[in-house]
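Please explain how charged side chains pair in the structure shown here, for someone who has not met it before.

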Amino acid sequence: MADHFLLSLLRLPKKASTIKGKIIFTMAIFLILIIGCLISGIWGLQQVHKGTHKASVAVKIHDNFDGLMILFEHSLMGPHDYLIHGNKEEKEIFLEKYEELIVRKKRLETLINSQKTKHGPEFDMLLGKAENLLLDIENKLPEFKTKVMNIFALEFPIKSKKAGFYMEEMDSYVRELEGDLAKEADILLELSDKSMEEINEVHIRVLYALIVLGLGALLIGIIISFYLIHSLIGPITNLIQTTRRIKKGDLAIRAKIQTNDEIAELASSFNEMVDKLLDTQERTLTIFEGSGDAMCVIDKNFKSLQVNNQMCRLVGLSAEEMIGSKCHEYFQSEHCRTDNCVLNRVLRGEKMIALETHKETNGGEKVPVALVATPLKSKGEIVGVIESFRDISDRKRSEMEAEKKTEEQKLLLDNVEMQIWYVIDEKTYGAVNKVRADFLGVDQRDLEGKNVCDTLRPEDAQWCMAGNKEVFEKKIKVTEENWIVNGKGIKRLLSITKAPKLDKNGQVEYIVCAAEDITEKRKMEEELLKAQKLESVGTLAGGIAHDFNNMLTAILGNISLARIWANSDDKIFQPLTEAEKATGQAKKLTQQLLTFAKGGAPIKQTASILEVIKESVGFALRGSNVKCNYNLTEGLRLVEIDTGQIGQVIHNLIINADQAMPEGGIIEVSAENIIIRETGPLPLPQGKYVKIIIKDKGCGIAEEYLSKVFDPYFTTKEQGNGLGLAIVYSVITKHGGYITVESELEVGTTFSLYLPVSKEGVLKEKKFQEQKIIPGRGRILVMDDEKMVRDVADALLKEVGYEVVLAKDGEEAIKLYQQAKESQSPFVAVIMDLTIPGAVGGKKAVKALLKIDPGVKAIVSSGYSNDPVLANFREYGFSGVISKPYTIKKLSEIVNKVV
C-alpha cells in the first residue's frame, strides 16, 4: 500500500519500480534536499560576505580619512612650535609630515578606485564624493604648504601681525577640511551600520530555509524507509527459502516472482540456473563421450565407474567389459600397482598429474600415451580419479625425426671449420659447435646456457656484447674483426658475422654467429703489403743504383787507365790502387740497393748453404767478443741461391745479433731440412725447404715494433739507415723463400729463414782465373745514354787496341751498324746499355741488329747487375754480359771472349 501510495504521490515512471530505480529516486530526493541546503547556505554566506566586505571597505575609508585629519593636525604643530620657540628643526619635521600626507592621500585614492562598481550604485556614489573630497584636498595642499612655509620664512622672535594672520588663516583652512572630512566620515559610518543590518536579515532567512528543508527531509526519509521495508524484505525472504531447498538438491523447485524489480530478476536467474544445471549434466556426459581423448572414471578401489567411446577404441574392449573391472586388468603400464600409480598419488594429495608413459592394450600392443589425472571429489573428499589418455604415437615419431634432424644439424655444425654459435637475450649461449668450444677451451656441453662474458676476457667481452646489442636492437647483420685470446691464452684474429633470427612478429628470437680465424690470412696480407712497400722503394733504389753505377763506371775506368799509365814506383800508383779498391766497395753498396730494384732477380745457382753460412758468420764476427754455436744438420739439401745475396743476408742478421749483445754472448745458428705442407701456417707453396735459424740472447725487440722491422728505413738503433732487414726481406722473398722474427725484450731475438731446395741437386765446379788485360783488334760499337760512360769505354777499348764508334741510343746504334756493314767495315762487337730512358735500349735494339746480321756479337751492359736479362742474356740474343762498373781488365776479358 505504501508502495502504491508513494508511486502515485510522486508519479514515478515505470523504471522507478525497480530496486535500482527506487534507490536512485531516493538518492535523488536526498540529493535535491542537500543541494537546496547547500545553495541556501552558499547564497547566505555570499550575501554576508558581500555585506561584511562593504562595511569593511567603508570602515577602512573612514579610518583613512581620520588618518588624513590627524596628519593635518600634526602638520600644524610644527608652525605653532616655531612661532613660540623658533626651532628651525620643525621645518624638516613639517616636510616629512607633508610627504606622509601625500602618501596617505595616494593610498586612499588607490583604495577608492579598487572598490568602484563592486558594491552597487549607492556605494559608488559615496566613493565619488570621497574621490571629489580627495581632489579638493589635492588642490588645496600646495596652498597649505605655501602658507606653512611662509611662517617658517619669518625670523624669530616673531612679533609681526603677519604671523598671526598666517596662523589664523591656516587654522581656518584646516577647520574647513575637518568639517568636510567629518561629514564624509558620518556617511561612511552610516553605510557600515546599514551593511550590518543587511547581514542580520540574511542570517534569519538562511536559518528559516534550513529548518524547512530539514523537516521536509525527515518526513520524506520516514516515508521512503517504510516503502523500502515493505517492497524489498518480503521478496528477499521468499528467495532465501527457495535457495535453501535448491542447496539440498531439490532441482524441481522454482522461485516465485512477486515483483518487477531486481529481486524478480534474481529469482528468474535462480530458475534459469537450475535449468542450466540440468543441461550441464547432459552436456558433461556428451563431452565425456565425444572427447577425442580416452577418458575413464576410477574409484579409490581401482574400479572403473565410467569409460567413454575413445577409451573403448584405445583398449579394444566394450564399456560393459571395463566398467566394474580394475583399471590395471585391462590397461596396464609400468606404474600400475606401485606407489607411482596415479590413483595412489592423487590420494596422497597431488592435485593434477601429467606424464607420458606406455600402456598395454588388450591386444598386447604398447601404445605411447600422454596421461592427465585429476582428483574426483564428493563433498570435498577425494573418492577417485578422472584419467584422460591421448595417443601420442604420431608425436613421438615426429620427435624422433626432429631429434634425428637435430643430430644431423649438430653433426654438420661440428664438422664445419668455422666457429658457429647461437646467442639468446644478447648474452646467453644457445647451441655451440665443436670448433667454437675447442677455440674457447671449454667442453661443448658446458657452454649451452652459459653467459658469453664468462668465456672471454673482460675487454673481449665488452666489444662482443656491444655487437650483440646492436644486432638485437637494430635487427641487422653485423660483421666485425677483433683479436680474441683463445682457451690456450693465444691471441687470434677473428672475423665474426652476427645475423638476427626473427620470429613471426618481427622480433629477434636469437642471433646466429659465425667466426673465421683470419690470423694467418691477415699475416699474408701484411706480408703482401710489406712486399708492395719494398717494391715501391725498390723502384727508387734501382734508379739510384743505375745512375750511381754509371758514375762508378767512369770513375773506375779512368782509375784503371791511370794505373796502367803510371809506374809501380810512382807515388800516384798506390793512391790509385786504393781508389780502385774503394770503388769496388762502392759497387757492393749499389748491389744492396739493386736488391730492391724492379725486375732485379738474383742470379741463382745450386750451392751448399753450409759454406755460405760459415763464411758469412766468420766474416761478420771477426774481432767481435760474441761467439757462434753451430747446430747444422748433416745432409742438408742443396739450395738454388745467389750466393752473394744470401751471404749478405746472413751477414746482416749476424751483425744485428752482435750489436744486440754489446757485452758479448753466444749466437746460435742452426739449419735443418723441412717439408712445407699445403695447409701449413706459412705463406709458402708446399715443397722441400732448408730452414735456417739465427738466435741471439740480446736486448730483444718491443712487441709494437715487430711488425715494422722489415719496413724500409725503419730502425731502433741510434745509428743506422734502416735498410739492413729490408734488404734481408727483399732477398729472401725474391728467392721464393720466407722469413719470420720472434723477439722478447731482455730475452733475445730469433730469425727463421726458409729457402727452397734446388731441383738440380748438383754443385757446379768453380774455375778461378786471374784477370789480366787482353789486347785486341777491330771495330767496336759502344751505345750508352751517358756521355761519361761512352767516353771511358772509348778510352779503355782504345787502350786495349780496338777502334771505337760511339752511339747515344739504340736507334743511332742500329743506323751505324747498318752503315758499317754496307761499307764493308763491320763491327766485330757491339756493347749496348740495357736501359735508356725515353729511347730504344739494348733489349729492343739487339732484335733489330739480329735481323740485319744474325751473327752480330752483342754484349749487354747495365747498372742493374741483377736484371733478368743479365742472368739469361743468351735468351735475349746477346753473346756476353758485363755489369757496370767495370775495370779495363774485366772489359778486355769479356770482349775477347765474345769476339
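The following paragraphs go through the salt bridges of this model, which is a predicted one.

Side chains of opposite charge can pair when their charged atoms come close. With a salt bridge taken as a side-chain nitrogen of Lys or Arg within 4 Å of a carboxyl oxygen of Asp or Glu, the count for this model comes to 17 salt bridges.

One of these pairs joins Lys-787 to Asp-791, and here the closest N and O atoms are 2.8 Å apart. Both residues belong to helix α20, which covers residues 787-800, and because they lie four residues apart in that helix, they are separated by about one helical turn. Lys-787 is exposed, having a relative accessible area of 53%, whereas Asp-791, at 35% relative accessibility, counts as partly exposed.

Another pair is made by Arg-457 and Glu-459, whose side chains meet in a salt bridge with an N to O distance of 2.9 Å. Arg-457 is partly exposed, with a relative accessible area of 28%, and Glu-459 also counts as partly exposed, at 42% relative accessibility. This pair does not stand alone, since Arg-457 and Glu-459 are linked with Asp-460 in a network of salt bridges.

A further salt bridge brings together the side chains of Glu-350 and Arg-345, with 3.2 Å from N to O. Of these two residues, Glu-350 can be described as partly exposed, its relative accessible area being 30%.

Key:
Residues are numbered from 1 along each chain as its sequence is written. This is a predicted model: local features need pLDDT of at least 70, side-chain atom pairs count only at pLDDT 80 or more; totals for chains, interfaces and linings use all residues. Side-chain values use heavy atoms; hydrogens and water are left out. Buried means under 20% relative accessible area, exposed over 50%, partly exposed in between (1.4 Å probe, protein chains only). Helices (H or I, at least four residues) and strands (E, at least two) are DSSP runs, numbered from the N terminus.
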